[in-house]
Amino acid sequence: MRIFPILTAILVAAVIYLFVFQRDVLLSFGTDESEMPQMAAQPAPAAAPDQNSAPMVSVAVLPSTAQNVDSAVTVRGETRATRQVDLRAETNGRVISQPLRKGATVRADQPMCEIDPGTRGMSLAEAEARLAESRARVPEAEARVIEAKARLDEALINDRAAEKLSRDGFASEARVASTTAATQTARAGVAAAQSGLQSTLAGIQSAEAAVALAEKEISRLIIHASFDGILETDTAELGSLLQPGGLCATVLQLDPIKLVGFVPEMAVQHVKFGAAAEARLVDGRRILGEVSFISRSADKVTRTFQIEVTVPNEDLSISAGQTADITISAQGTLAHLLPGSALTLNDSGTLGLRVLGAENTVRFVPVTLIRDTVKGVWVAGLPREADVIVVGQEFVTDGVIVNPTYTEAAQ
């Protein structure tokens, strides 16, 4: 029963031996002898190979012509309010105004919250009374200065007269000393009167500051809207207690509205201030605007630059926080539309394409990737007319002569 497996193994081994070691005998078996000299003569030319007759690599070549394409920059962003402010109290007190509900439209300087004045009115009246009292003291202080100066003038006259009489021998030295002392006393009186006037004027300034402080405190009792907008929150409820820093309401300005996105560092050079932009919202609406801001500092983590697009929003149909695909127009450039698979890297890691040069010689050309589409990639850096190797470019290098087969771009 075991002889058949043994015979089968011997037969298989014999067949393998014939195919491996006696292949020429098998190939010649059944061949006409008249054809043998021709078959034997065929390898003769290969005995002395020539460089020109060496087999060439076959490649597929796509003729391409540059086109002027809009190098638009597309980023994903979101809508944001042009301005947003939290209206907060600057003083403490109980709210005495009826609340406005969120969603309401407000105007600039419109009262949002009113705080109970309490005793602030009496404080203002007291400050004004002190100011009036200080101002009333000014004439009296000025009169004292005038009186002191008059006494000084009189003392000076008496002193000069006493000195003259003393030189002529008609007055004693005691009288001269007395007039001199009176003069010094008059000078001291002038200084005191002037000091009193300055003190009165300082009291007036202090009273004016107290009045201004009381008026400012009263002006803080009503919190106004900073600009036209929409209430994002209810205003403070009637009877609630507000402390300094307490929130009265949040106001948003949505007309115009901003679109905020982040552009990669490779594309930021194509974005210009004032460039037209189009955005598509998640609900399919398309809106138009223009670039109003380009950041000059990249994000430290993502290495992207923030851009802002201003869009009119008169009907307030666009809300803050919506997702938007932003397309920013840029200056057109000449580019080729080619299959993405044709891109390759040279030994230095530079992105480029291998093109066909004179006499079917391969040449590597660095390119810049502009845009990736479903039909292919748009690249810049090639001549206006170029024969690009799209199949077999990985098997050739610069200077190699190839056997090209021209093809057409897929529709």
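Which strand gives the most to the lining of the largest pocket? The tour reaches that pocket after a look at the whole chain. The model is predicted.

**Whole chain**

Start with the full cartoon, coloured by secondary structure. The protein has 5 helices and 22 strands. Switch to a surface display: about 26200 Å² is exposed, and carbon and sulfur atoms supply 55% of that area. Of the 411 residues in the protein, 32% are buried. Contacts with a sequence separation of 6 or more are mostly long in sequence terms, since residues 24 or more positions apart account for 75% of them. Several of the stops below show such pairs.

**Stop 1: the largest pocket**

Select M266, A267, H270, L369 and I370. These residues lie nearest the centre of the largest pocket, among the 18 residues that line it. The space in this pocket comes to about 530 Å³. Now add strands β3 (73-88) and β19 (368-373), each of which supplies at least two residues of the lining. The opening question is answered here: β19 gives the most to the lining, with 4 residues.

**Stop 2: K258**

Move to strand β10 (residues 247-264) and select K258 within it. Is this lysine, K258, buried or exposed? K258 counts as buried because its relative accessibility is 17%, and the cut-off for buried is under 20%. Show its surroundings next. Leaving aside residues up to four places away in sequence, K258 touches E78, T79, R80, A81, T82, E308 and V309. Strand β3, already selected for the pocket, spans residues 73-88, and the contacts of K258 include E78 and T82.

**Stop 3: the loop between β21 and β22**

Select the loop between β21 (385-391) and β22 (402-406), where I401 is placed. G399 is found in this loop too. I401 counts as partly exposed, at 45% relative accessibility, and G399 counts as partly exposed at 49%.

Add V362 and draw C-alpha distances. From I401 to V362 the C-alpha separation is 6.4 Å, with their positions 39 residues apart along the chain. From G399 to V362 it is 5.3 Å, for a pair 37 residues apart in sequence.

What does I401 touch, not counting residues up to four places away in sequence? The partners of I401 are M56, E359, N360 and T361. G399, counted in the same way, touches T361 and V362. T361 thus appears among the contacts of both I401 and G399.

**Stop 4: salt bridges**

The whole structure holds 19 salt bridges. Begin with D234 and R101, whose closest N and O atoms are 3.4 Å apart. D234 lies in the loop between β8 (229-231) and β9 (241-242), and R101 in the loop between β4 (93-94) and β5 (105-106), so this pair ties together parts that are 133 residues apart in sequence. Both ends are partly exposed: D234 has a relative accessibility of 31%, and R101 has 45%.

Next select R286 and E278, whose side chains meet in a salt bridge with an N to O distance of 3.6 Å. R286 is exposed, with a relative accessible area of 54%, whereas E278 counts as partly exposed at 31%.

Then take D283 and R285, where the side chains meet at 2.9 Å, N to O. D283 is partly exposed, with a relative accessible area of 46%, and R285 is partly exposed at 31%. To finish this stop, select E90, R120, E217 and R220 together: salt bridges that share partners join these residues into one network.

**Stop 5: a nonpolar patch on helix α1**

Go back to the start of the chain and select I3, I6, L7 and I10. These residues form a nonpolar patch on the surface, and their accessible area together is about 400 Å². I10 is found in helix α1, which covers residues 3-21. Is I10 buried or exposed? I10 is exposed because its relative accessible area is 53%, and the cut-off for exposed is over 50%.

Notes:
Residues numbered from 1 in each chain as written. Predicted model: local features only at pLDDT ≥ 70, side-chain atom pairs only at ≥ 80, totals over all residues. Heavy atoms only, no water. Patch = residues over 30% accessible without salt bridge, like charges linked within 9 Å, V, L, I, M, F, W, Y side chains within 5 Å. Areas by Shrake-Rupley, 256 points an atom, 1.4 Å probe, with all protein chains shown as cover. Salt bridge = Lys/Arg side-chain N within 4 Å of Asp/Glu carboxyl O. Buried < 20%, exposed > 50% of the residue type's maximum accessible area, 1.4 Å probe, protein only. Contact = heavy atoms within 4.5 Å. 1 Å grid on protein atoms, 1.4 Å probe; cavity = no way out; pocket = protein on both sides within 12 Å on 5 of 7 lines; lining within 4 Å. Points joined across faces, edges and corners; volume = space filled by probe spheres on them.
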